[in-house]
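Got the model open in your viewer? Let's take a short walk through it, one selection at a time.

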Amino acid sequence: MRTEDGERSYVRAVEGAWSKLAGRPVVVSPREFEAIDGWRRRGIPLAIVLEALKAAGARRSGRVPRSLTALTPAIEDAFAVVASGRIAS
């Protein structure tokens, strides 16, 4: 898969999951796009990002954050846990 295709797929998957949780179509802002693409470039698995988004919705009684950038700390923490588990193996 070309890098551009991978980037597009990753961003679309996050945007789709966010839309599903919000119950309406959502379009990422340029700032959110940069955050999402940064997660992808750092190698943060899409599954971790999607799980953090789902967890944020559950913690907020189904309300999703107004901005995906608000999820950055949770995504970073989840990735650190996964990465440390991989290193320890």
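**First stop: E32 and its surroundings**

Select E32 and show what it touches: setting aside neighbours within four places in sequence, E32 is in contact (heavy atoms within 4.5 Å) with W18, V27, R66, S67, L68 and T69. A word on what you're looking at: this is a predicted model, where local features need pLDDT of at least 70, side-chain atom pairs count only at pLDDT 80 or more, and totals for chains, interfaces and linings use all residues. Residues are numbered from 1 along each chain as its sequence is written, and side-chain values use heavy atoms, with hydrogens and water left out.

E32 belongs to helix 2, residues 30–41; helices here are DSSP runs of H or I, at least four residues, numbered from the N terminus. Which side chain of opposite charge is nearest to E32? That's R31, 7.8 Å away, and E32 is buried without a salt bridge. Buried means under 20% relative accessible area, exposed over 50%, and partly exposed in between, with a 1.4 Å probe and protein chains only. For charge, Lys and Arg count as positive and Asp and Glu as negative, while His and the chain ends are not counted. A salt bridge needs a side-chain nitrogen of Lys or Arg within 4 Å of a carboxyl oxygen of Asp or Glu. Now add S29: its backbone nitrogen sits 2.8 Å from a polar atom of the E32 side chain.

**Next: T69**

Jump to T69, in the loop between helix 3 and helix 4. T69 is buried, at 19% relative accessible area. Beyond residues up to four places away in sequence, T69 touches R31, E32 and A35. Try a C-alpha distance from T69 to R31: they are 7.8 Å apart in space and 38 residues apart in sequence.

**Along helix 2**

Now select the whole of helix 2. Its 12 residues reach 16 Å from first C-alpha to last, close to the 16 Å expected at 1.5 Å a residue (1.5 Å times one less than the number of residues). Colour its buried residues: E32, A35, I36, D37, G38 and W39. Just past the helix, G43 takes a positive phi of about 90 degrees.

Pick W39 next; leaving out residues up to four places away in sequence, W39 touches Y10, I44, V49, L68, T72, I75 and E76. W39 is also among the residues with the most contacts inside the largest nonpolar core, which has 19 residues. Such a core is a set of buried Ala, Val, Leu, Ile, Met, Phe, Trp, Tyr and Cys residues joined through side-chain atoms within 4.5 Å.

**Last stop: the salt bridges**

How many salt bridges are there? The count comes to three. Start at D37, buried at 5% relative accessible area. Its side chain meets R40 in a salt bridge at 2.8 Å, N to O; three residues apart in helix 2, D37 and R40 are separated by about one helical turn. D37 also bridges to R41 at 2.5 Å, N to O, and R41 is exposed at 55%.

Finish with R42 and E76, whose side chains meet at 2.6 Å, N to O. R42 lies in the loop between helix 2 and helix 3 and E76 in helix 4, so the pair ties together parts 34 residues apart in sequence. Both are partly exposed: R42 at 45%, E76 at 27%.

Notes. Helix = DSSP H or I, 4+ residues; strand = E, 2+ residues; numbered from the N terminus. Polar contact = N/O pair within 3.5 Å; in protein donor to acceptor, adjacent residues only side chain to side chain.
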